[in-house]
Amino acid sequence: MSFISILSIEFKKIRRSKILPLFLLASVILWLPSVFNADINFKMQAEGILPEYNFLIQGFLGISWFMLPASIIVSTVLINQTERSNNGILKMLALPVSTTWLCLAKFLVLLVLAAAQVIIMAGVYYIGAAIASNIQDYNFILPPLFVFKESALLFISAIPMAALFWLLSICIKTPVFSIGSGFIMVVPSVLVINTKAWFAYPVSYPFYVITTEYSKLASGIDTTKIQLIPWIPVAFLITVFCIVLSCMYFGRSYR
Amino acid sequence: MGFIIECKKVKRTGFIPAFICAGIFSAAIPVINMAVRHKIYTSSAGSPVNILFNANWQVMAMLNMLAVVICACIIYNSEYAGNAMQKMHLLPVHEGYMFLGKFVLMFLMCIAILAIESAGIMFCTDYWFGSGSQVLYLVLKSFAYEMVIMVPAALSALFIASAFKNMWITLGVCVVCIFMATMLPMDNFILSLFPFAMPFQVFAGTAEKTIQGFIAASFIESIIIIIAEFLLIKIRRLFE
């Protein structure tokens with residue numbers, strides 16, 4: 001079987017999962033308070049950030065520290081559990097399909113779900129910004145290119161984290177511990193971004209990237225320049241390591 | 001009877017170790033925080049319990065909530081995974097009592113997790129503030145309060161878990177609820193009554209009237225959720 005057909009089968013498996021409405025719900029919950037409290041964006045003189053940028057960045061900060069990691073964990077549970085019910089995974093492993101391709105296809109599905117979450121959030125941002133502009137009589141809507149750039153940064157910085165969570169969900173068979181260890185890693189990420197070793201901790205990447213974007217836009221805050229070395233090599237190594245290991249271990253506990 | 005069977009069911013799911021691990025991890029948070037930044041905290045005014053709770057409780061409560069949610073997922077997933085639920089329907093056991101049995105087990109684990117955390121807080125007050133045993137009463141009262149306001153959250157996590165067959169829907173809905181709880185303003189009483197937002201409240205330094213309000217709300221919400229669960233079981237029977 002070619003990789004493309006394996007991938008299309010993986011997408012069919014999650015077709016009726018109703019995960020997209022859940023992402024939509026999370027995005028609405030994210031932007032609703034910002035729309036109601038849109039007037040606080042005008043009181044950011046100390047930080048020196050324009051109201052429309054503050055509106056966007058606060059929402060992105062809100063999603064990058066908890067909701068994006070959490071929804072990636074939920075997606076790993078979705079991908080694994082739909083196969084485990086009725087022993088579907090045993091039948092898949094009995095077929096003459098390469099387990100490496102199978103694992104990679106599932107990981108790609110995970111990335112697509114993470115991208116869907118970011119796209120839905122950006123879409124809801126435009127609705128929220130339009131409503132806030134109407135209420136406050138001030139244009140909160142930012143050019144699409146800028147919003148796209150921020151969303152793309154958020155998504156790309158989440159890839160190493162997704163690889164790590166994917167590895168956890170494959171290597172730890174007891175769901176309590178694979179989910180639990182993921183969440184336990186999410187909680188201290190706020191503390192880790194203030195340390196020098198943040199680049200070694202993939203879960204903190206999205207939050208760190210958005211925080212630096214915030215400091216770039218706000219003239220009142222010292223701009224923390226993101227150090228690409230050693231970040232990019234380390235992130236790349238972690239990602240490759242997690243993917244290779246998860247491909248090696250995929251399905252091993254069933255044999 | 002129902003409770004003992006529930007204890008046996010969770011034996012190999014990692015339910016109890018998960019709670020104990022979460023407890024130890026969250027008890028370590030104030031200790032690590034104090035070890036790193038004790039100069040800031042010991043020099044600030046106010047009672048030690050107050051300072052410790054203000055500095056750490058948000059993160060600790062978050063961990064408690066995540067532990068409750070994950071364990072609620074697993075405790076019902078073990079019923080749904082191998083169609084055990086259908087077999088339960090044939091037995092002369094009411095599904096509602098199963099829910100209550102699971103809740104009692106969960107509540108006991110919540111007490112365990114809070115006990116571990118109070119030991120962590122006690123250690124901090126004793127080691128860095130040198131307050132000895134005089135704060136013991138206040139710490140115990142704080143954790144008794146946290147125990148009471150955690151009940152609606154535990155019940156609603158179990159309610160969501162019992163409503164959905166797929167574990168990931170339960171997890172997704174509960175995670176969205178926790179996310180919503182973190183987005184709600186803490187000082188608004190009405191909005192803080194959301195079951196998942198209540199455990200983020202702090203005992204020390206809160207007005208007596210607010211505390212009484214939260215305790216009353218916790219009882220009322222718990223009763224409403226239990227009634228809702230019994231209704232859900234009845235309604236679901238009609239459509240199966």
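A cavity is a set of grid points where a 1.4 Å probe fits but cannot get out. By that test, this structure holds four cavities of 30 Å³ or more. The model is predicted. Chain B and chain A meet over a buried area of about 2500 Å². The largest pocket holds about 1200 Å³ of space, and the second largest pocket about 1000 Å³. Over all chains there are 13 salt bridges.

**Interface between chain B and chain A**

- Chain B brings 23 residues to the contact, and chain A brings 28 residues.
- Carbon and sulfur atoms give 91% of the area buried between the two chains, which is about 2500 Å².
- Zero salt bridges run between chain B and chain A.
- The count of residue pairs in polar contact between chain B and chain A, with both residues at pLDDT 80 or more, is also zero.
- On the chain B side, the elements that give two or more residues are α2 (15-43), α3 (48-81) and α7 (167-183).
- Of these, α7(B) gives the most to that side, with 11 residues.
- The side of chain B that touches chain A has 19 nonpolar and four polar residues, and no charged residues.

**Largest pocket**

- The space in the largest pocket is about 1200 Å³.
- A total of 40 residues line the largest pocket, and the closest to its centre are A:W65, A:V190, A:F207, B:Q58 and B:V59.
- Both chains take part in the lining: α2 (19-36), α3 (51-84) and α8 (189-192) of chain A give two or more residues each, as do α2, α3 and α7 of chain B.
- The lining of the largest pocket divides into 26 nonpolar residues, 13 polar residues and one charged residue.

**Second largest pocket**

- About 1000 Å³ of space lies in the second largest pocket.
- Its lining has 35 residues, with A:S85, B:Y80, B:A81, B:K165 and B:N166 closest to the centre.
- From chain A, α3 gives two or more residues to the lining of the second largest pocket; from chain B, α3, α4 (84-90), α7 and α9 (208-239) do so.
- The largest share of this lining is five residues, and it comes from α3(B).
- By class, the lining of the second largest pocket has 14 polar, 11 charged and 10 nonpolar residues.

**Largest cavity**

- The largest cavity holds about 130 Å³ of space.
- It is lined by 16 residues, and A:V77, A:N80, A:S169, A:S178 and A:I179 are the closest to its centre.
- Three elements of chain A, α3, α6 (144-171) and α7 (175-186), each supply at least two residues of the lining of the largest cavity.
- With six residues, α3(A) makes up the largest share of that lining.
- The lining of the largest cavity has eight nonpolar, six polar and two charged residues.

**Second largest cavity**

- The volume of the second largest cavity is about 40 Å³.
- Its lining is made of A:E10, A:K13, A:I14, A:I79, A:T82, A:E83, A:K106 and A:V109.
- The elements that give two or more residues to the lining of the second largest cavity are α1 (3-13), α3 and α5 (99-136) of chain A.
- Here α3(A) gives the most, with three residues.
- The lining of the second largest cavity has four charged, three nonpolar and one polar residue by class.

**Salt bridges**

- The structure holds 13 salt bridges over all chains, while the count between chain B and chain A is zero.
- Side chains of opposite charge can pair when their charged atoms come close.
- One salt bridge joins the side chains of A:K13 and A:E83, at 2.9 Å from N to O.
- This pair links distant parts of the chain: A:K13 lies in helix α1 of chain A and A:E83 in helix α3 of chain A, 70 residues apart.
- A:K13 and A:E83 are also among the residues that line the second largest cavity.

Key:
Residues numbered from 1 in each chain as written. Chains lettered and ligands numbered in written order. Heavy atoms only, no water. Contact = heavy atoms within 4.5 Å. Buried area = accessible area lost by both parts, 1.4 Å probe. Salt bridge = Lys/Arg side-chain N within 4 Å of Asp/Glu carboxyl O. Polar contact = N/O pair within 3.5 Å; in protein donor to acceptor, adjacent residues only side chain to side chain. Helix = DSSP H or I, 4+ residues; strand = E, 2+ residues; numbered from the N terminus. Nonpolar A, V, L, I, M, F, W, Y, C, P; charged D, E, K, R; others polar. 1 Å grid on protein atoms, 1.4 Å probe; cavity = no way out; pocket = protein on both sides within 12 Å on 5 of 7 lines; lining within 4 Å. Points joined across faces, edges and corners; volume = space filled by probe spheres on them.
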